[in-house]
Amino acid sequence: MGTIHLPLAERQAALNFMLSRVDAGSGSGKLNIYSGTAPSPNAVATGTLLGTFSFSDPAFGNTDGNGTATAGAIADVTWIASGTAGYYRALDSNDVVRWQGDVGVTGSGAELELNNTSVSSGGTGSITSFIITMPDGVS
């Protein structure tokens, strides 16, 4: 399979469209955090649901001009289970999965960075950074 490369304007447009999908429905979108390794985005979630964050509405502003967007403010959550955060799923308010990605600790370089990936039920979870970038090359 070959790789296509998008001009910056197309990357920005594609990212803005993708990010707007999490705002579909009557309320704000959600961000589910799971333990384990992410399955295919078309498969049922695997691992343990550790907690659910709520996006602002809208969840993201427009891209920054470089094919990157940063999430709006997201309130802390109380973890509902214990485990090691491995991946997230972004859902709209109708619970439709819009995309998923990896989770890491602050400074890890993951799209979604948490204050701690080792979580305990009843503890507080914080998102320290959530930055999405549309890559130049797409296979």
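Display the molecular surface of the whole chain: the accessible surface comes to about 6,800 Å², and 51% of that area belongs to carbon and sulfur atoms. Accessible areas come from the Shrake-Rupley method with a 1.4 Å probe, and for residues only the protein chains shown count as cover. The model is predicted, so local features need pLDDT of at least 70 and side-chain atom pairs count only at pLDDT 80 or more, while totals for chains, interfaces and linings use all residues. Residues are numbered from 1 along each chain as its sequence is written, and side-chain values use heavy atoms, with hydrogens and water left out.

**The whole chain**

Change to a C-alpha trace, which spans about 45 × 35 × 30 Å along its principal axes. A compact globule of 139 residues would have a radius of gyration near 14 Å, and the 15 Å of this chain agrees with that. This radius is taken over C-alpha atoms, and the globule rule is 2.2 Å times the number of residues to the power 0.38.

Next, colour by secondary structure: one helix and twelve strands appear. Helices (H or I, at least four residues) and strands (E, at least two) are DSSP runs, numbered from the N terminus. The chain begins with a strand, continues with the helix, and then runs through strands.

**Strand β11 and its partners**

Select residues 127–133, which form strand β11. Strand β4 (residues 68–70) pairs with β11 in the antiparallel sense over three bridges; two strands pair if DSSP finds at least two bridges between them. Within this pairing, Ala69 has Ile132 as its bridge partner. Now add strand β8 (residues 112–114), which is also antiparallel to β11 and joined by three bridges. Here Leu112 is matched with Phe130.

**The nonpolar core**

Keep Phe130 selected and add Leu31, Ile33, Phe60 and Tyr88: these five have the most contacts inside the largest nonpolar core, a set of 28 residues. Such a core consists of buried Ala, Val, Leu, Ile, Met, Phe, Trp, Tyr and Cys residues joined through side-chain atoms within 4.5 Å. Buried means under 20% relative accessible area, exposed over 50%, and partly exposed in between (1.4 Å probe, protein chains only). Among the elements that give two or more residues to this core are α1 (8–20), β2 (30–35), β8 and β11.

Centre the view on Tyr88. Its contacts (heavy atoms within 4.5 Å) include Leu31, Ile33, Trp99, Val103, Leu112, Phe130 and Ile132.

**Two salt bridges**

A search of the whole structure finds two salt bridges, each a side-chain nitrogen of Lys or Arg within 4 Å of a carboxyl oxygen of Asp or Glu. Select Asp95 and Lys30 to see one of them, with the closest N and O atoms 2.3 Å apart. Asp95 lies in the loop between β6 and β7 and Lys30 in strand β2, so the pair ties together parts 65 residues apart in sequence. Asp95 is partly exposed at 47% relative accessible area, and Lys30 is partly exposed at 22%.

Then select Asp92 and Arg98, whose side chains meet at 2.7 Å, N to O. Asp92 is buried at 1%, whereas Arg98 is partly exposed at 23%.

**A last stop at Thr117**

Finally, select Thr117 in the loop between β8 and β9 (118–119). Is this residue buried or exposed? Thr117 counts as buried, at 16% relative accessibility. Thr117 touches residues including Gly83, Ala85, Val103 and Val105.

Methods: Lists of a residue's contacts leave out its neighbours within four places in sequence.
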